[in-house]
Amino acid sequence: MPGDTERSGGERSEAPRSGGSPAIERVTATPEVPDPEVAARPKRRQFTAEYKLRIVREADACKGAGEIGALLRREGLYSSHLVLWRRQREEAAQAQLKARKRGPKAKVQDPRVKQLERENARLQRQLKRVELLLDIQKKAGEILGIPLKNLDDVEND
């Protein structure tokens, strides 16, 4: 009957919970694609020296129970960060207190310079030996009467 407001058992007055009428087929636009801006591996955080010093000073100023924990939670840090940064601060202070060598800084010398100096000394010793042998040959030639060519003439040939 057209004016009958009663419904049969199979009819429902609200849309099905799956999202719409069963006659209309839902079409998804595109499959889920991961965001290309997200890094595959998380980047390691780096803290500046000023930031580390500020946090260590704030932690040192904490007097009440739970204040350091609240500071670390607020900054997103771990207690190991605080331990490491305190150790670094102490090492830097120790390095500043160490006695430094007085006077001008030692010049850094290239290792090749030392090698070339050794080679130069070796060649000078060898040159002295050769000059000594040449002197002996000249004297032997004068004694035996054998004329030797002048050294300048030999170089020009």
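Start with the whole surface of this predicted model: the protein exposes about 15700 Å², and carbon and sulfur atoms supply 54% of that area. Buried residues make up 8% of the 157 residues. Switching to a cartoon view, you will find five helices and zero strands, so the picture to follow along the sequence is the pattern α-α-α-α-α. Among contacts between residues at least 6 apart in sequence, 49% join residues at least 24 apart.

Next, select Y51, I55, V56, A59, L71, L72, L77, L82 and W85, the nine residues that make up the largest nonpolar core. The elements giving two or more residues to this core are helix 1 (49-61), helix 2 (67-75) and helix 3 (79-97), and helix 1 gives the most, with four residues. Within this selection, centre the view on A59 and display what surrounds it; leaving aside residues up to four places away in sequence, A59 touches I68, L71, L82 and R86.

Stay on helix 1 and show the side chains of R54 and E58, which meet in a salt bridge with N and O 2.7 Å apart. Both residues lie in helix 1, four residues apart, about one turn of the helix. In an α-helix there are 3.6 residues a turn, so residues three or four places apart point the same way. E58 counts as partly exposed at 26% relative accessibility, and R54 is partly exposed as well, with a relative accessible area of 38%.

Then add R74 and E75, whose side chains meet in a salt bridge at 3.2 Å, N to O. Here R74 counts as exposed at 54% relative accessibility, whereas E75 is partly exposed at 22%.

Move on to D110 and R112, which form another salt bridge, the closest N and O atoms being 2.8 Å apart; R112 is exposed, with a relative accessible area of 57%, while D110 is partly exposed at 31%. Returning to the earlier pairs, select R54, E58, R74 and E75 together, because salt bridges that share partners join these four into one network. A search of the whole structure finds six salt bridges.

Finally, select helix 4, residues 111-144, and check its length: at 1.5 Å a residue, its 34 residues should span 50 Å, and its end C-alpha atoms are 50 Å apart, which agrees. The residue that follows helix 4 is G145, whose phi is positive, near 80 degrees. L144, which lies in helix 4, is exposed, with a relative accessible area of 64%. Together with I143, I146 and L148, L144 forms a nonpolar patch on the surface, with about 470 Å² of accessible area in total.

Terms used: Residues numbered from 1 in each chain as written. Predicted model: local features only at pLDDT ≥ 70, side-chain atom pairs only at ≥ 80, totals over all residues. Heavy atoms only, no water. Expected span 1.5 Å × (residues − 1). Buried < 20%, exposed > 50% of the residue type's maximum accessible area, 1.4 Å probe, protein only. Contact = heavy atoms within 4.5 Å. Areas by Shrake-Rupley, 256 points an atom, 1.4 Å probe, with all protein chains shown as cover. Core = buried A, V, L, I, M, F, W, Y, C linked by side-chain atoms within 4.5 Å. Patch = residues over 30% accessible without salt bridge, like charges linked within 9 Å, V, L, I, M, F, W, Y side chains within 5 Å.
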